[in-house]
Amino acid sequence: MRRVEEGRTGERERAADWIWFRRRRHTGCHAPPPTQADSPRSFVLVRVQCLFAIVSFATLADFGGSGSKYGYVLFTGISTLILTLGFMLCYAFNAEQSKTFRTFEFCVNLIWLVFWFAAAIVTSTFNQGFSQLAASCAFAWLTFIVWAVSCVMSGMAMRGKVSMPAAPQANVV
């Protein structure tokens, strides 16, 4: 009875090896895929970035003050909205398994980290005590923090420092 169970386990492992090999060969991806925990974390961070950016630029768009001071923040917020929607679409189609996508994601995160740092400074310097400006300032700094976390995570994933599952081993009996 025990030999039969061991035989079935060995068959399952060989089938899992074959499926892993076929997926790797079919996709042309030589880098190990991200862990199951990595993709949802990135997806959640992108959604938080999108939400914070919307709040940050929407409070300024509604503000009746001079718009020329805050045009940069509006640009950064709207471009962040477009980028995060694009990243969500890429995550939906599992593009994060590609090393090219990871490199692109890191570069975009680094650029928009600098953009949000400048946007947070702009909203901080022109804050004149209005509650809408204070809210925009707070969400600009929160968005900067989320972009910093995302930049670190995508940098670790790009360099391969994220814990990746090892390739399945064949059970040689």
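**Figure 1. Burial of Glu105 and Arg102 in the predicted model.** Glu105 and Arg102 are both buried. The model shown here and in the other views is a predicted one. For Arg102, the relative accessible area is 6%, which places this residue under the 20% cut-off for burial. Arg102 belongs to helix H4. A salt bridge joins Glu105 to Arg102, with 3.3 Å between the closest N and O atoms. The side chains of Arg102 and Glu105 also make a polar contact, at 3.3 Å. Side chains of opposite charge can pair when their charged atoms come close. Glu105 and Arg102 are 3 residues apart in helix H4, so about one helical turn separates them. An α-helix has 3.6 residues a turn, so residues three or four places apart point the same way. The salt bridge count comes to 1.

**Figure 2. Helix H4 along its length.** Helix H4 covers residues 99–125, which is 27 residues. At 1.5 Å a residue, the helix should span 39 Å, and the C-alpha atoms at its ends are 39 Å apart, so the expected span and the model agree. Ser98 caps the N-terminal end of H4. A side-chain oxygen of Ser98 lies 3.2 Å from the backbone nitrogen of Thr100. Buried residues of H4 include the aromatic residues Phe101, Trp112 and Trp116. Val108, Leu113, Ala119, Ala120 and Val122 are also among the buried residues of this helix. Asn109 and Thr123 are buried in H4 as well.

**Figure 3. Thr103 of helix H4 and Arg159.** Thr103 lies in helix H4. With a relative accessibility of 32%, Thr103 counts as partly exposed, because this value falls between the cut-offs of 20% and 50%. Thr103 and Arg159 are 56 residues apart in sequence. In space, their C-alpha atoms are 9.0 Å apart.

**Figure 4. Phe144 of helix H5 and its contacts.** Phe144 is placed in helix H5. When neighbours within four places in sequence are left aside, Phe144 is in contact with Leu113, Trp116 and Phe117. Of these partners, Leu113 and Trp116 are among the buried residues of H4. Ala119, also buried in H4, is 25 residues from Phe144 in sequence. The C-alpha atoms of Phe144 and Ala119 are 8.7 Å apart in space.

**Figure 5. A nonpolar surface patch that includes Leu142.** Leu142, Ile145 and Val149 form a nonpolar patch on the surface. Together, these residues have about 230 Å² of accessible area. Leu142 lies in helix H5, which covers residues 131–159. The relative accessible area of Leu142 is 36%, so this residue is partly exposed.

**Figure 6. The protein chain that holds these sites.** The secondary structure comes to 5 helices and 0 strands. Read along the sequence, the pattern is α-α-α-α-α. The chain has 173 residues, of which 34% are buried. Contacts between residues at least 6 apart in sequence were also sorted by separation, and 78% of them join residues at least 24 apart. The chain exposes about 10,600 Å², and carbon and sulfur atoms supply 67% of this area.

Note on methods: Residues are numbered from 1 along each chain as its sequence is written. This is a predicted model: local features need pLDDT of at least 70, side-chain atom pairs count only at pLDDT 80 or more; totals for chains, interfaces and linings use all residues. Side-chain values use heavy atoms; hydrogens and water are left out. Helices (H or I, at least four residues) and strands (E, at least two) are DSSP runs, numbered from the N terminus. The expected span of a helix is 1.5 Å times one less than its number of residues. Buried means under 20% relative accessible area, exposed over 50%, partly exposed in between (1.4 Å probe, protein chains only). A polar contact is a pair of N or O atoms within 3.5 Å; within protein, one must be able to donate a hydrogen and the other to accept it, and residues adjacent in sequence count only if both atoms are side-chain atoms. Patches are made of residues with over 30% relative accessible area and no salt bridge: like charges are joined within 9 Å, nonpolar side chains (Val, Leu, Ile, Met, Phe, Trp, Tyr) within 5 Å. Accessible areas come from the Shrake-Rupley method with a 1.4 Å probe; for residues, only the protein chains shown count as cover. A salt bridge is a side-chain nitrogen of Lys or Arg within 4 Å of a carboxyl oxygen of Asp or Glu. Contact means heavy atoms within 4.5 Å.
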